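This report covers the ligand shell, one strand, the salt bridges and the cysteines of the structure shown below.

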Amino acid sequence: MRPMEAGRLHVIAGPMFAGKTEELLRRVHRARLAGLRVEVVGHRLDERSGADRLSSHAGRSLPARMLEHAEELLVLTGQDRPHTVAIDEAQFFGPPIIPVIEALLEAGIQVEVAGLCLTYDGEPFAPLPTLMAQAEEVVKLTAVCTVCGADAAFHVRLIADGATALQPTAAQVGGAESYQARCRSHRRDAAPPGPE
Ligand code: ADP
Ligand code: MG
């Protein structure tokens with residue numbers, strides 16, 4: 001008998017507004033079309049669409065289990081093993097998600113992970129860099145720079161007067177009112193003036 005094959009790790013990384021959640025939802029939809037059972041997971045900190053849903057900035061959404069700790073994933077998948085686990089906003093789970101994902105892969109489960117690979121001050125955002133290094137596939141997406149329309153690999157946090165905040169804080173939760181996608185040339189500039 002052949003030994004059970006390990007799962008593959010696919011990572012979808014990029015800044016905010018890059019379409020990471022849309023790409024994750026597309027993959028979930030596609031796997032379900034193929035008749036596969038997919039467990040969709042988000043983090044409780046991501047409260048944009050209320051409880052129990054993952055949603056993209058464009059408004060698409062899917063029901064999801066919103067967890068607080070990475071270890072809850074082991075309980076969830078231990079009861080009834082899915083073919084695939086899709087995890088959004090992986091950065092919110094922090095480094096403890098790395099061994100949990102490894103355990104899922106070793107149990108033969110496919111893992112699709114989406115998350116921010118950079119903080120708003122442009123630093124690597126754990127655990128994404130590690131997951132990207134260990135993945136079988138990495139898709140790196142860019143958003144559109146809100147200043148010039150170029151490819152944006154970064155995002156910045158806006159503070160009250162439209163300036164950009166470069167001091168890190170613990171969480172990055174929010175939408176277009178708090179964050180903007182920026183290209184390399186404009187990642188340190190203040191927000192452009194809005195319509196009068
Ligand atoms: P992510 O999960 O990477 O933050 P989402 O999948 O939630 O991204 O949302 C991507 C959608 O956000 C795009 O399809 C587009 O409709 C919208 N959007 C808003 N602002 C931008 C921007 N600056 N660049 C690209 N997409 C943007
Ligand atoms: Mg997202």
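## Shell around ligand 1

In this predicted model, helix α1 and strand β9 (143-144) each contribute at least two residues to the shell around ligand 1. The largest share, three residues, comes from α1. The shell has 14 residues, and those that come nearest are Phe17, Lys20, Thr21, His57 and Val144.

Oxygen atoms of ligand 1 lie close to both backbone and side-chain atoms of the protein, as three polar contacts show. With Lys20, an oxygen atom of the ligand is 2.7 Å from an N or O atom of the side chain. With Ala18, the partner is a polar backbone atom, 3.0 Å from a ligand oxygen. A polar backbone atom of Glu22 is likewise 3.0 Å from an oxygen atom of ligand 1. Taken alone, ligand 1 exposes 580 Å², of which the protein buries 75%.

## Strand β1

Strand β1 spans residues 9-14 and is mostly covered, with six of its six residues buried. In a regular strand, side chains alternate between the two faces of the sheet. In β1, Leu9, Val11 and Ala13 point one way, while His10, Ile12 and Gly14 point the other way. Residues of both sets are buried.

β1 pairs with two strands. With β7 (residues 110-116) the pairing is parallel and runs over six bridges; Leu9 stands opposite Val111 there. With β8 (residues 137-140) the pairing is also parallel, over four bridges. The bridge partner of His10 in β8 is Glu137.

## Salt bridges

The whole structure contains seven salt bridges. One of them joins Glu23 and Arg26, whose closest N and O atoms are 2.9 Å apart. Both residues lie in helix α1 (residues 20-33), three residues apart, which is about one turn of the helix. Glu23 is buried, at a relative accessible area of 15%, whereas Arg26 is partly exposed at 46%.

Another salt bridge links the side chains of Arg27 and Glu137, at 3.1 Å from N to O. This pair connects distant parts of the chain, since Arg27 is in helix α1 and Glu137 is in strand β8, 110 residues apart. Arg27 counts as buried at 16% relative accessibility, and Glu137 as partly exposed at 27%. A salt bridge is also found between Arg37 and Glu39, with the closest N and O atoms 3.9 Å apart. Arg37 is partly exposed, with a relative accessible area of 34%, while Glu39 is buried at 10%. Elsewhere, salt bridges with shared partners join Glu23, Arg26, Arg27, Glu112 and Glu137 into one network.

## Cysteines

How many disulfides does the structure hold? There are zero. Cys148 is in no disulfide, and the nearest cysteine sulfur, that of Cys183, is 3.7 Å away. A disulfide requires the two sulfur atoms to be within 2.5 Å, so a separation of 3.7 Å does not qualify.

Cys148 is partly exposed, at 45% relative accessibility. Cys117, in contrast, counts as buried, at 7% relative accessibility.

Note on methods
Residues numbered from 1 in each chain as written. Chains lettered and ligands numbered in written order. Predicted model: local features only at pLDDT ≥ 70, side-chain atom pairs only at ≥ 80, totals over all residues. Heavy atoms only, no water. Buried < 20%, exposed > 50% of the residue type's maximum accessible area, 1.4 Å probe, protein only. Pairing = 2+ DSSP bridges. Salt bridge = Lys/Arg side-chain N within 4 Å of Asp/Glu carboxyl O. Near = heavy atom within 4 Å. Polar contact = N/O pair within 3.5 Å; in protein donor to acceptor, adjacent residues only side chain to side chain. Areas by Shrake-Rupley, 256 points an atom, 1.4 Å probe, with all protein chains shown as cover.
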